[in-house]
Number of protein chains: 2
Amino acid sequence: MTEATRRERPGGRTARTRRAVIDATTALLSEGSPSALTVGQIAARAGVNEATVYRKWGSKDALLTDVLLTLSAERLTVADTGSLRGDLVETVGAVADFLRTPAGFALAALAATADDETSAKLRDAFWADRFDRARTIFGRAAERGELVDVEQAMLAYEALIGTLHFRILARRRELDADIAERLTDLVLDGLRRPPRD
Amino acid sequence: MTEATRRERPGGRTARTRRAVIDATTALLSEGSPSALTVGQIAARAGVNEATVYRKWGSKDALLTDVLLTLSAERLTVADTGSLRGDLVETVGAVADFLRTPAGFALAALAATADDETSAKLRDAFWADRFDRARTIFGRAAERGELVDVEQAMLAYEALIGTLHFRILARRRELDADIAERLTDLVLDGLRRPPRD
C-alpha cells in the first residue's frame with residue numbers, strides 16, 4: 001500500500017500535498033502533452049520535493065493515472081434526473097465535457113496507453129467505478145419499468161463512453177455539441193424505429 | 001507523393017518490395033510491440049535495404065499506419081447478406097476478429113497514438129474509407145426500407161467500431177465471442193424494447 005492510499009485525517013498535511021500535486025499536474029496537462037511532462041516540473045509547480053512525488057506514487061504514469069481517477073470522480077457525477085434518457089444525456093454529456101478539455105484528452109490518451117502495473121491497477125479501478133455508477137442509473141431505470149435488460153444496458157454504457165473515446169483518440173475528431181443526446185437516443189430507441197417528431 | 005502511392009504495374013518490383021515489407025511488418029507485429037520494432041528489423045525480415053524502407057515510407061510510424069490501412073482493406077470486407085442485421089454482424093465481427101490478433105491490436109493502438117503528419121493523413125484516409133463502406137451498407141438498408149435515418153446510422157457504425165476499440169485499448173479487456181451480435185442488436189433495437197423471444 002502506498003502513502004497516497006493510507007488512511008489519514010482529511011485536510012492533513014499528506015492530503016494537502018496530494019491535492020497540490022494533483023492540481024499542479026492538471027494545470028500542466030492543460031499546457032502540454034503527458035509525455036513531455038516531467039515529475040520535476042510537477043513537483044516544482046506543486047511546491048513539493050520531487051522525491052516526495054516518487055515516494056507517494058512510484059512513477060509518473062501512476063501519478064497521471066491517479067490524477068485521471070481523481071478528476072473523473074470529482075467531475076463525472078452520476079445524474080439522477082428521474083428518467084433514463086435524462087440520466088444518460090447528463091452523465092454522457094459530463095464525460096464529453098471532460099474529454100473536450102486538454103487535461104481530459106491527455107488523461108484519456110494516457111489511460112489507453114500506459115502499460116506499467118500500477119497504471120493498469122488504477123485503470124481497472126477507474127473503469128470498475130465508472131461501470132458501477134452506470135449500473136446505479138440502470139438499476140433505477142429498471143425499477144421505474146423503463147428498462148428490461150440491465151446487462152445489455154451495461155453494454156450500451158460501454159458503447160456510449162467508448163464512442164466518445166474512440167472519436168477523440170482513434171479518429172482525432174471533435175465531439176459535436178449534441179453528441180450525448182444523439183448517442184443516448186441511439187442506444188435507447190435503436191435505428192429501426194422512425195425518428196420521433 | 002511517395003513511391004508507395006505512385007502508379008505502377010501490378011506485380012512489378014516495387015509492388016513486390018512493398019508486399020514483402022508489409023508482410024514482414026505484420027509478422028513482426030505478431031511477435032512484439034510496435035514501439036520495440038525497428039525499421040532495421042523490418043528490412044532484414046523483408047530482405048530489403050533499410051534505406052529503401054525509409055525512401056518509400058519516410059518513417060516507422062508512417063509504415064505501420066500504411067500496414068494498418070492495407071491489412072484492414074484486405075481483411076475487413078463489407079458484407080452484403082441481404083439484411084441490415086446480417087451485414088452489421090458480419091462487418092463488425094470481421095473487425096473484432098482482426099482486433100483479436102496481435103497485429104490487429106498493435107495497429108489499433110498505434111493508429112490511436114501516432115502523432116506525425118504522415119500517420120495522421122493515413123489515419124484520416126483509413127477512417128474515411130471505413131465510413132464510406134459503412135454508408136454502402138446503410139444505403140442498401142434504406143433502399144430495402146429497413147432504415148430511415150442514415151446519418152444516425154453512421155453514428156451507430158461509429159459506436160459499433162468505437163466500442164470494440166475502446167474495449168481493447170482503454171479497458172484492456174477481451175472481445176466476447178458474441179460481441180458483434182450484441183452490439184448490432186443494441187444499435188438496431190435499442191434498450192427500451194423488450195428482448196425478442
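In chain B of this predicted model, Arg172(B) sits in the loop that joins α8 (150–169) to α9 (179–189). Its phi is near 55°, a positive value in a residue that is not glycine. With a relative accessible area of 31%, Arg172(B) is partly exposed, since this class lies between the limits of 20% for buried and 50% for exposed. The counterpart in the other copy, Arg172(A), is found in the loop between α8 and α9 (179–189) of chain A. Arg172(A) likewise has a positive phi, of about 55°, although it is not a glycine. Its relative accessibility is 30%, and Arg172(A) therefore counts as partly exposed.

The two chains were compared by superposition. Chain A is brought onto chain B by a rotation of 180° with 0.0 Å of shift along the axis, and the RMSD is 0.0 Å. The two copies are thus related as by a two-fold rotation axis. Within chain A, the C-alpha nearest this axis belongs to Gly190(A), at a distance of 1.9 Å.

Chain A contains 9 helices and 0 strands. The order of elements from the N terminus is accordingly α-α-α-α-α-α-α-α-α. Along the principal axes, the C-alpha atoms of chain A fill a box of roughly 60 × 35 × 25 Å. The chain has 197 residues, of which 50% count as buried. When contacts in chain A between residues at least 6 apart in sequence are considered, 64% join residues at least 24 apart. The accessible surface of chain A comes to about 9,100 Å², and carbon and sulfur atoms account for 50% of this surface. Chain A carries 29 positive and 30 negative charges, and the mean positions of the two sets are 4 Å apart.

At the interface, 45 residues of chain A are in contact with 45 residues of chain B. The two chains bury about 4,200 Å² between them, with 57% of this area on carbon and sulfur atoms. Of the area that chain A buries against chain B, 19% is supplied by Phe166(A), Leu191(A) and Arg192(A), more than by any other three residues. The copies meet through the same surface, because 100% of the interface residues of chain A are also interface residues in chain B.

One of these three residues, Leu191(A), is placed in the segment after α9 of chain A. Its relative accessibility is 4%, so Leu191(A) counts as buried. Beyond its neighbours within four places in sequence, Leu191(A) is in contact with Leu186(A) of its own chain and, across the interface, with Phe138(B), Leu147(B), Gln152(B), Ala153(B), Ala156(B), Val187(B) and Leu188(B). Leu191(A) and Glu158(A) are 33 residues apart along the chain, and their C-alpha atoms are separated by 18 Å.

Contacts with chain B are also made from helix α8 (residues 150–169) of chain A, where Thr163(A) lies. Thr163(A) has a relative accessibility of 1% and counts as buried. Apart from neighbours within four places in sequence, Thr163(A) is in contact with Leu183(A), and with Glu158(B) and Ala159(B) of the other chain. The C-alpha atoms of Thr163(A) and Thr77(A), which are 86 residues apart in sequence, are 19 Å apart in space.

Two further buried residues were examined in chain B. Thr91(B) belongs to helix α5 (residues 84–100). At 2% relative accessibility, Thr91(B) falls under the 20% limit and therefore counts as buried. Residues up to four places away in sequence being left out, Thr91(B) touches Thr77(B), Val78(B), Ala79(B), Ile137(B) and Tyr157(B).

Leu64(B) is located in helix α4 (residues 60–75) of chain B. Its relative accessible area is 0%, and Leu64(B) is buried. Not counting residues up to four places away in sequence, the contacts of Leu64(B) are Thr25(B), Leu29(B), Pro34(B), Leu37(B), Leu107(B) and Leu110(B). Leu64(B) and Leu186(B) are separated by 122 residues in sequence and by 33 Å in space, C-alpha to C-alpha.

Key
Residues are numbered from 1 along each chain as its sequence is written. Chains are lettered from A and ligands numbered from 1 in the order in which they are written. This is a predicted model: local features need pLDDT of at least 70, side-chain atom pairs count only at pLDDT 80 or more; totals for chains, interfaces and linings use all residues. Side-chain values use heavy atoms; hydrogens and water are left out. Copies are superposed by least squares on the C-alpha atoms of residues with pLDDT of at least 70 in both. Contact means heavy atoms within 4.5 Å. Helices (H or I, at least four residues) and strands (E, at least two) are DSSP runs, numbered from the N terminus. Buried means under 20% relative accessible area, exposed over 50%, partly exposed in between (1.4 Å probe, protein chains only). Accessible areas come from the Shrake-Rupley method with a 1.4 Å probe; for residues, only the protein chains shown count as cover. Lys and Arg count as positive and Asp and Glu as negative; His and the chain ends are not counted. The place of a charge is taken as NZ of Lys, CZ of Arg, CG of Asp or CD of Glu. Buried area is the accessible area (1.4 Å probe) that two parts lose on being put together, summed over both.
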